[in-house]
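This report considers two acidic residues and one helix. Please keep the sequence and the structure in view while reading.

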Amino acid sequence: MLKPFDPTTPLPPQEPGWDNHLTFSYKEIDAFWLARWTPETGWEPGRLYEHRGAKLELSPGAAVLYYGEGIFEGLKARRTRTGKIVLFRPQDNARRLQASAARLAMPAPSVDMFMEAVIAVTRANARWVPAPEKGSFYLRPVVIGSGPILGVAPAPEFLFYVFGCPVGPYMGGDRVIVPYAAHRAAPYGTGAAKAAGNYAACLRPQKIAKELGYVDALYLDAREDRYIEELSGANFFAILKDGTLVTPALGSILPGITRDSVLTIAREIFGWIAVERKLAIEEVINDAVEAFYTGTAAVLSPITVVNYRGVDYPIGDGQPGPRARMLRQALEEIQIQERPDLWGWVVEVA
Ligand code: COI
């Protein structure tokens, strides 16, 4: 049952030190936001509900439960050192959600509706937005086919909801492994959508990677089993001996917003050559001096070892590289308004 969130009701106290040692994990906090879509009404006006103890009631026939008609987004609210709360490129998340929805024949909220929801959730939970050195507030917008269906077809009803959690670092390890006989996405499939099923396809390769001592799987393309695609929840970059920054071209990979930000920062702040193209695994093994992965959750983390066909290949000297560090620092400074935001990426919400 969902209880409307009443901002005048006193909130339970936060446990002391709630923001010490934050991890990237789910937590029920004060309020989340939900709206319903039906063919007759379109998107009904959304509103905030109590997050603690909230359960969604779904028909056993809900399309998301077995046809996987579900898409999502991830974005962060951050507290600046001057006490403001800011979002990073939220309109880009809204537009990507629309693209994902189109791929899965779902209705998408408008950019305005998306903004209304993420701002409402951030403001209602402002006390859970950690100080900049302690973490960030991760927002998870989701659209699911909630209506019941039996044959393969789009759901007759949909839900759009947004919850948020205070979070610490995601992943953090620096060794990755190319999985044996496992791909994340195929050409013309759903790889470019932020579709729930893409992440389901990663669970087994990721589990095996972790069991073998790697932080994640690094997927190759499904056509030739040769060109790098991405990790289970992050995009891939390499810096080659000639200084070029290379990342796999879009197609069947997620068009990451952090990926795009890193390309822009590399080109426009540092003046580096940054290209999006096919990147063979052999090229990374033989020619990369640095590698790293990016994502909203992961931010930007170095890769020091790539395992391919049973061999650990160090990248460069096997240590985190200076260029990855420069990019991460610039990105994080922009995100908390400590470096000029030349592109209008940062949106103040409180
Ligand atoms: C994000 O980086 O925000 C994502 O959605 C990736 C997810 C697997 C944590």
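Which side chain of opposite charge is nearest to Asp-216, and how far away is it? In this predicted model, the nearest is that of Lys-210, 6.2 Å away. Asp-216 is buried and has no salt bridge, since a salt bridge requires a side-chain nitrogen of Lys or Arg within 4 Å of a carboxyl oxygen. Asp-216 belongs to strand β10 (residues 216–220). Its side chain makes a polar contact of 2.7 Å with the side chain of Ser-232. Beyond its sequence neighbours within four places, Asp-216 is in contact with residues including Met-171, Arg-175, Gln-206 and Leu-231.

A second buried acidic residue, Glu-290, is found in strand β15 (residues 288–295). Glu-290 likewise has no salt bridge, and Arg-323, the nearest side chain of opposite charge, is 5.1 Å away. The side chain of Glu-290 does, however, have polar atoms close to two backbone nitrogens, as the table shows.

| Backbone nitrogen | Distance to a polar atom of the Glu-290 side chain |
|---|---|
| Arg-323 | 3.0 Å |
| Ala-324 | 2.9 Å |

Among the other residues that Glu-290 touches are Phe-237, Ile-239, Ile-315 and Pro-322.

The report now turns to the helix. Helix α2 comprises 14 residues (residues 90–103), which at 1.5 Å a residue should span 20 Å; the end C-alpha atoms are indeed 20 Å apart. Its buried residues are Pro-90, Asn-93, Ala-94, Arg-96, Leu-97, Ser-100 and Ala-101. These residues lie on the same side of α2, because they cover an arc of only 165° around the axis. In an α-helix, residues three or four places apart point the same way, because there are 3.6 residues a turn. Just after α2, Ala-105 adopts a positive phi of about 55°.

Terms used:
Residues numbered from 1 in each chain as written. Predicted model: local features only at pLDDT ≥ 70, side-chain atom pairs only at ≥ 80, totals over all residues. Heavy atoms only, no water. Helix = DSSP H or I, 4+ residues; strand = E, 2+ residues; numbered from the N terminus. Expected span 1.5 Å × (residues − 1). Buried < 20%, exposed > 50% of the residue type's maximum accessible area, 1.4 Å probe, protein only. Arc of directions from axis to C-beta. Lys, Arg positive; Asp, Glu negative; His and termini not counted. Polar contact = N/O pair within 3.5 Å; in protein donor to acceptor, adjacent residues only side chain to side chain. Contact = heavy atoms within 4.5 Å.
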